[in-house]
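Grab a pencil and open the viewer. Below you'll find a few exercises, each with a worked solution to check yourself against.

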Amino acid sequence: MKNTLKTAFIKSVPILFSYVFLGMGYGILMEEAGLQWYYCLLIGLVVYTGAFQFVLTELLVSGASLLTIGVTALFMNSRQLFYSLSFVKDFNKMGKAKPYMIHSLTDETYAVNNMLSFPEEEKRRIMFPLAIMCQCYWCAGGVLGCLIGKLIPFSTEGIDFCMTALFVTILTEQWEKARNHVPAIAGIGVSLICLFIFGTDFFLLPSLLIVSAILIVHNSREGGGK
Amino acid sequence: MMTGYILSAILISAVVTFAMRGLVFVFFDEDKEPPLWLERLGNVLPAAIMGVLVVYCLRSIRDDFTGTGLPGIIAAVVTGLLYKWKHNTFLSIILGTAVYMLLIRL
């Protein structure tokens with residue numbers, strides 16, 4: 001048990017950095033919008049999705065309708081649907097932890113869970129405490145940012161790049177481990193093309209749909225597998 | 001801002017987000033496993049999604065290339081090369097972010 005927690009913690013450290021920094025950025029944004037720290041905490045606990053939380057703050061400030069908020073959440077978080085696909089088997093075998101595992105599936109936990117190279121059972125034992133730790137980092141960052149963000153003596157502009165950097169390290173690691181580079185190349189290539197066709201606000205969903213279609217065809221030719 | 005409005009917005013966001021994350025599990029559970037093509041897709045998606053996410057993070061290359069786009073690309077390349085060289089996640093993230101923060105101030 002103690003070893004499991006230790007492994008989970010070690011695996012969570014990259015997320016610790018990016019979540020505390022990003023969470024603080026979020027907290028500062030919330031404070032500037034006139035929203036108190038307990039809202040940061042509540043949203044971090046029940047919504048728990050990085051990018052959309054930033055957008056939600058802007059929507060709240062502009063007094064957007066609940067319908068707009070719901071539809072934006074639907075589109076921005078539709079990528080989670082694709083994440084679940086990789087963990088159907090694992091989560092279904094996790095019993096009581098399953099609802100929490102579904103709730104705590106974010107870009108970052110998805111990425112780190114994919115990097116866990118342990119035997120199946122052990123991997124699942126690590127995933128649950130790892131997920132709890134990550135959400136704690138995120139909530140702590142948000143509350144901290146809301147309460148003390150104003151006290152930071154230098155401009156933190158650009159610190160949100162740590163999320164990009166985390167994804168780049170994971171992409172690099174996956175690239176080195178993979179024999180088949182078609183998925184990574186398809187992901188980068190298709191999303192770049194979609195970015196220029198659909199624009200920054202709308203390209204994520206079409207990118208994911210097209211990449212999935214390409215990979216389904218590719219798998220049926222290759223016979224699947226990693 | 002009205003407390004009722006904020007709380008309703010949070011509730012709607014939470015429900016929609018959880019629904020997106022959980023939808024797949026409505027169709028497949030312990031008794032009904034996903035079909036092979038979907039399982040295979042789940043196996044190769046991580047690498048593809050990471051590529052999509054990196055592009056998503058660097059999306060300002062389209063509308064703000066010189067301001068944040070190019071610094072983002074340079075910092076991402078630095079992060080990737082540093083990781084390839086040292087295989088140290090923290091070092092790559094911290095130095096990559098520092099390079100980015102420096103470049104956007106130049």
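The exercises go from a whole chain down to single residues.

Before you start, remember that this is a predicted model: local features need pLDDT of at least 70, side-chain atom pairs count only at pLDDT 80 or more, and totals for chains, interfaces and linings use all residues. Residues are numbered from 1 along each chain as its sequence is written, while chains are lettered from A and ligands numbered from 1 in the order in which they are written.

**Exercise 1. Describe the overall build of chain A.**

Step 1: count the elements. Chain A has 12 helices and 0 strands. Helices here are DSSP runs of H or I with at least four residues, strands are runs of E with at least two, and both are numbered from the N terminus.

Step 2: check the compactness. The radius of gyration of chain A is 18 Å, close to the 17 Å from the globule rule for 226 residues, so chain A is as compact as a globular protein of that length. The radius is taken over C-alpha atoms, and the rule is 2.2 Å times the number of residues to the power 0.38.

Step 3: box it in. Along the principal axes, the C-alpha atoms of chain A fill a box of roughly 55 × 50 × 35 Å.

Step 4: look at burial. Of the 226 residues of chain A, 45% count as buried. A residue is buried if 20 or more other C-beta atoms lie within 10 Å of its own, exposed if 12 or fewer, and partly exposed in between, with C-beta atoms placed from the backbone.

**Exercise 2. Split chain A into domains and find where they touch.**

Step 1: take the bounds. Chain A is divided into domain 1 (2-158) and domain 2 (178-226); such bounds come from an automatic or database domain assignment.

Step 2: get the spacing. The C-alpha centres of domain 1 and domain 2 of chain A lie 25 Å apart.

Step 3: count the contact. Domain 1 of chain A gives 4 residues and domain 2 of chain A gives 4 residues. Two residues are in contact if their C-beta atoms, placed from the backbone, lie within 7 Å.

**Exercise 3. Work out what chain B brings to its contact with chain A.**

Step 1: count residues. The contact takes 61 residues from chain B and 75 residues from chain A.

Step 2: find the helices. On chain B, α1 (3-27), α2 (36-57), α3 (65-86) and α4 (89-103) each supply at least two residues of the side that touches chain A. The most comes from α2(B), with 20 residues.

Step 3: sort by class. This side of chain B has 39 nonpolar, 14 polar and 8 charged residues. Ala, Val, Leu, Ile, Met, Phe, Trp, Tyr, Cys and Pro count as nonpolar, Asp, Glu, Lys and Arg as charged, and the others, Gly among them, as polar.

Step 4: look for a core. In the largest nonpolar core, with 87 residues, F167(A), A48(B), M50(B) and V54(B) touch the most other members. A nonpolar core is a set of buried Ala, Val, Leu, Ile, Met, Phe, Trp, Tyr and Cys residues joined through C-beta atoms within 7 Å. The largest share of this core, 13 residues, comes from α2(B).

Step 5: zoom in. Leaving out residues up to four places away in sequence, V54(B) touches T164(A), F167(A), V168(A), L171(A) and A76(B).

**Exercise 4. Explain why helix α8 of chain A counts as largely enclosed.**

Step 1: count. In α8(A) (residues 107-114), 7 of the 8 residues are buried, so this helix is largely enclosed by the rest of the structure.

Step 2: see what surrounds them. The buried residues of α8(A) pack against α1 (2-32), α3 (50-61), α5 (79-85), α9 (120-148) and α10 (161-177) of chain A together with α2 of chain B.

**Exercise 5. Compare Y48(A) and H87(B).**

Step 1: recall the background. Most residues other than glycine have a negative phi.

Step 2: read the angles. Phi of Y48(A) is near 50 degrees, a positive value; H87(B) has a positive phi of about 50 degrees.

Step 3: place them. Y48(A) sits in the loop between α2 (37-46) and α3 of chain A, and H87(B) in the loop between α3 and α4 of chain B.

Step 4: check burial. Y48(A) is buried, with 23 other C-beta atoms within 10 Å, whereas H87(B) is partly exposed, with 13.
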